[in-house]
Structures are given as C-alpha cells and as structure tokens.
Amino acid sequence: MTRLVDAYDAALFDLDGVIYLGPMVIDGVAEALSELRSTGVHVGFVTNNAARTPATVAAHLEDLGIAATVTDVVNSTQATVRMLQADLPAGTRILVVGTDALAKQLREGGFEPVSSLEDEPSAVVQGYHPTLDWQLLELGAIAVQNGAHWYATNPDMTRPTERGILPGCGAQVAVIRTCVDVDPKVAGKPFRPLLDETVRRLGAEHPIFVGDRLDTDVMGANAVGMDSLFVFTGAHGKMDLLDAEPTARPTHIGWDVAALLQPAHNVEVVDDTRVNCGRQVIHVKAGEASLLTETRGVEEQLDALRALLHAVWELGADAGDVPTHLEQLP
C-alpha cells in the first residue's frame with residue numbers, strides 16, 4: 001500500500017490543534033507519529049507560538065508520549081532572530097513584548113533584551129504571552145511611535161485549546177497596531193521566514209506540512225511551494241475550506257495526522273456536472289452541487305467533502321445544502 005506520506009521526504013507538523021490542544025495530546029497522534037518514525041519518515045514540529053523555547057516544547061512533547069528532541073522543533077522566534085540578524089547589528093537593544101523564553105532566545109541570538117523605554121530600545125519584538133501585562137503593550141506602542149523597528153513572531157489571531165478558541169498573538173499585536181501607522185515585520189506563518197528556517201534547519205527537500213489553520217498553516221505552505229495536509233482537529237472546518245481563496249487551499253485533507261499513513265484520496269472531475277471521490281459523487285446542476293450518495297461515517301464524509309471542494313473550487317459550483325449532510329465534520 002502506498003501511503004500519502006510516501007511521496008515526501010519529511011512531515012512537518014504545526015502543534016496547537018494538530019498535535020495537542022492545550023496540555024492534552026489529540027487522540028491517536030502519538031501512535032501515528034511513532035509509526036511514521038519507525039518507517040524512516042523525518043518528523044519536524046513547527047510552531048508560530050514564541051511563548052516557549054524549542055527545548056521546552058520538546059520536553060512537553062516527550063511528556064505527552066511523543067518522541068522529540070530540541071533539534072526537531074522550530075519556532076517563530078528562531079525565524080525572527082534570523083530576520084533581526086539580517087537587519088540590525090549585534091547588541092541592539094530590543095524591547096521584548098512577550099515571555100522570558102522570547103527574551104532568552106533573543107539574547108542567545110546576540111541581542112540585548114530590555115523592558116523599559118529608558119533603555120532606548122531600537123526595536124520592539126512582540127510574541128504571544130499568556131499573562132501579558134497591559135503596560136507592556138503601552139510601552140511597545142510608544143517605542144514604535146518613537147521610531148523603533150517593530151517585529152512580531154506570528155499573526156495568529158486565535159489559538160485552539162481544550163477549553164475553546166482563545167485570543168492569540170495576532171490579537172495582542174492588534175492592540176499596538178491601533179496606536180501606530182505601521183505594520184510589524186512578521187516571521188511566522190503564513191509569512192515565509194518560519195518555513196524557510198524550518199527547511200534550512202531540518203534539511204528537508206520535499207516535505208509536506210500538516211496544519212489546522214488555512215490562514216497560517218496552509219497559506220504559509222503555499223507561499224513556499226510546499227504541499228499541505230489540512231486536519232480537522234483544531235481551529236478551522238469544512239465551511240472555512242469551502243470559502244477558502246486559492247492561496248489558502250490545501251493539497252490534501254484528512255481527519256487527523258494519521259491520514260499521512262493512509263493512501264492518498266484521488267478526486268476525479270468527470271465533467272462539468274460530476275465529481276467523484278471514492279464511492280462519493282457530487283452532481284452539479286444549474287451551478288448548484290448536490291450529493292448523490294449516502295455517507296456512512298467520517299471517511300465517506302471526507303470523500304464527499306473532497307469531491308465537493310473540487311466542484312466549488314474548480315467548477316465554480318455553489319455548495320448548496322451538501323455541508324448539512326456532512327454533520328460529522330466540524
């Protein structure tokens with residue numbers, strides 16, 4: 001059996017919403033990753049979240065039963081540091097609007113983290129902070145108004161957790177943006193620096209990226225010409241896929257990361273009225289799609305959605321009432 005992952009030399013995974021939700025590993029993920037590694041697949045973990053160091057992330061993964069070393073993890077701070085090294089001289093004072101972990105990595109990258117305007121920072125670096133002091137946002141806004149260069153580790157407006165969808169780094173960045181007339185330079189997905197840094201560090205030549213968000217994970221993969229697998233365990237769902245612009249459309253979809261271990265699901269566009277995937281058939285009449293087959297279980301619903309996505313994306317069809325028949329998909 002040829003598996004989806006067999007077409008690639010590495011599998012790169014987003015973390016929040018793909019590997020875990022908050023402190024909890026997603027069911028089946030540890031087993032799927034173990035099987036991937038046992039067959040020689042190079043595994044890497046890529047996160048926009050700059051609140052923790054790669055060593056801390058690797059330790060968390062180990063605690064969840066997932067084999068990981070610090071070199072397997074690439075975070076947006078590492079990509080931000082490379083951007084800073086290209087733009088600013090070593091020793092530049094940087095106001096850190098983020099966690100101690102962010103400050104630690106900036107220091108290791110050759111810069112001087114500071115926490116006050118009296119230190120006359122030349123740059124502001126902003127990353128997600130779970131208990132961010134509002135005054136620090138005010139200091140960041142003033143520093144940018146005073147001419148400091150502004151960098152953000154990532155633009156994620158939300159983050160999926162076991163409790164629900166919560167504000168992310170992008171929401172914190174937006175607070176400063178309301179006070180200034182410039183945008184920050186951003187390292188994280190969907191911008192290129194993080195995935196470029198990942199490929200550089202892991203030595204992958206033809207990887208697939210696995211993510212749960214269209215606006216960061218899939219758009220980021222598309223931006224660097226990388227194939228992607230969208231999974232349903234995190235932030236986005238079927239309606240987001242149907243509404244996705246071309247730059248946010250994944251190469252593959254699957255329920256979770258175990259889809260990498262299954263054969264690729266081929267979609268056949270028969271003509272401008274019919275699209276097939278597996279046993280599922282989408283019919284297009286007068287510009288509206290309808291489902292001609294019954295769907296029993298998640299896998300058949302996924303096939304129906306695959307066919308529907310092609311009808312919508314390639315034939316310009318309206319989804320009609322098909323999504324209501326796919327109630328097992330979020």
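Here are some exercises with worked solutions on a predicted model.

## Exercise 1: Two ring pairs

Find how many aromatic pairs a search of the whole structure gives, and classify the pair of Phe-13 and Phe-45 by its geometry.

**Solution.** Let's start with the count: searching the whole structure turns up three aromatic pairs. A pair of aromatic rings is described by two quantities, the distance of the centres and the angle of the planes. For Phe-13 and Phe-45, the ring centres are 6.2 Å apart and the planes stand at 35 degrees. Planes under 30 degrees apart would count as stacked and those over 60 as edge-to-face, with the rest called tilted. The angle of 35 degrees therefore makes this pair tilted.

Now place the two residues. Phe-13 belongs to strand E1 (residues 10-13) and Phe-45 to strand E4 (residues 42-47), so their pairing ties together parts that are 32 residues apart in sequence. As for accessibility, Phe-13 is buried at 0%, and Phe-45 is buried at 0% as well.

Next, the rings of Phe-232 and Trp-255: their centres are 6.2 Å apart and their planes lie at 15 degrees, so this pair is stacked. The pair links distant parts of the chain, 23 residues apart. Phe-232 sits in the loop between strand E14 (227-231) and helix H9 (238-243), while Trp-255 sits in the loop between strand E15 (252-254) and strand E16 (267-271). Phe-232 is buried, with a relative accessible area of 4%, whereas Trp-255 is partly exposed at 30%. To finish, ring pairs link Phe-230, Phe-232 and Trp-255 into a cluster.

## Exercise 2: Two helices that cross

Describe how helix H3 and helix H7 are arranged, and say which residues make their contact.

**Solution.** Begin with the axes. Those of helix H3 (residues 76-87) and helix H7 (residues 192-202) come within 8 Å and cross at roughly 100 degrees. Angles from 65 to 115 degrees count as roughly perpendicular, so H3 is roughly perpendicular to H7.

Then list the residues. H3 contributes Ser-76, Gln-78, Ala-79, Arg-82 and Met-83, and H7 contributes Pro-193, Leu-194, Glu-197, Arg-200 and Arg-201. By character, the residues of this contact divide into four nonpolar, two polar and four charged.

One more residue of H3 deserves a look: Thr-80. Thr-80 is buried, with 0% relative accessibility. Leaving out residues up to four places away in sequence, Thr-80 touches Val-125, Tyr-151, Ala-152, Thr-153 and Ala-187.

## Exercise 3: Salt bridges and their surroundings

Work out how many salt bridges a search of the whole structure finds, then say whether Asp-303 and Arg-306 are buried or exposed.

**Solution.** The search of the whole structure finds 16 salt bridges. Side chains of opposite charge can pair when their charged atoms come close.

- **Arg-306 and Asp-303.** These side chains meet in a salt bridge at 2.8 Å, N to O. Both residues lie in helix H10 (residues 298-315), three residues apart, about one turn of the helix. Buried means under 20% relative accessible area. Arg-306, at 8%, is buried, and Asp-303, at 11%, is buried too.
- **Glu-197 and Arg-201.** Here the closest N and O atoms of the salt bridge are 2.7 Å apart. Both residues lie in helix H7, four residues apart, about one turn of the helix. Glu-197 is buried at 1%, but Arg-201 is partly exposed at 45%.
- **Asp-6 and Arg-3.** A salt bridge joins their side chains at 2.8 Å, N to O. Asp-6 is partly exposed at 40%, while Arg-3 is buried at 13%.

Finally, look for shared partners: salt bridges join Arg-82, Glu-197, Arg-200 and Arg-201 into one network. These four residues also appear in the contact of H3 with H7.

## Exercise 4: A buried glycine

Where does Gly-140 lie, and which residues is Gly-140 in contact with beyond its neighbours within four places in sequence?

**Solution.** Gly-140 lies in helix H5 (residues 134-145). With 0% relative accessibility, Gly-140 counts as buried. Setting aside neighbours within four places in sequence, the contacts of Gly-140 are Leu-95, Val-97, Val-124 and Ile-176. For a sense of distance, take Val-257, which is 117 residues from Gly-140 along the chain: the C-alpha atoms of the two are separated by 38 Å.

Technical notes:
Residues numbered from 1 in each chain as written. Predicted model: local features only at pLDDT ≥ 70, side-chain atom pairs only at ≥ 80, totals over all residues. Heavy atoms only, no water. Phe/Tyr/Trp six-rings, centres within 6.5 Å; stacked < 30°, edge-to-face > 60°. Helix = DSSP H or I, 4+ residues; strand = E, 2+ residues; numbered from the N terminus. Buried < 20%, exposed > 50% of the residue type's maximum accessible area, 1.4 Å probe, protein only. Axes fitted to C-alpha atoms, helices over the stretch in contact; angles between N-to-C directions. Parallel < 35°, antiparallel > 145°, perpendicular 65-115°, else oblique. Contact = heavy atoms within 4.5 Å. Nonpolar A, V, L, I, M, F, W, Y, C, P; charged D, E, K, R; others polar. Salt bridge = Lys/Arg side-chain N within 4 Å of Asp/Glu carboxyl O.
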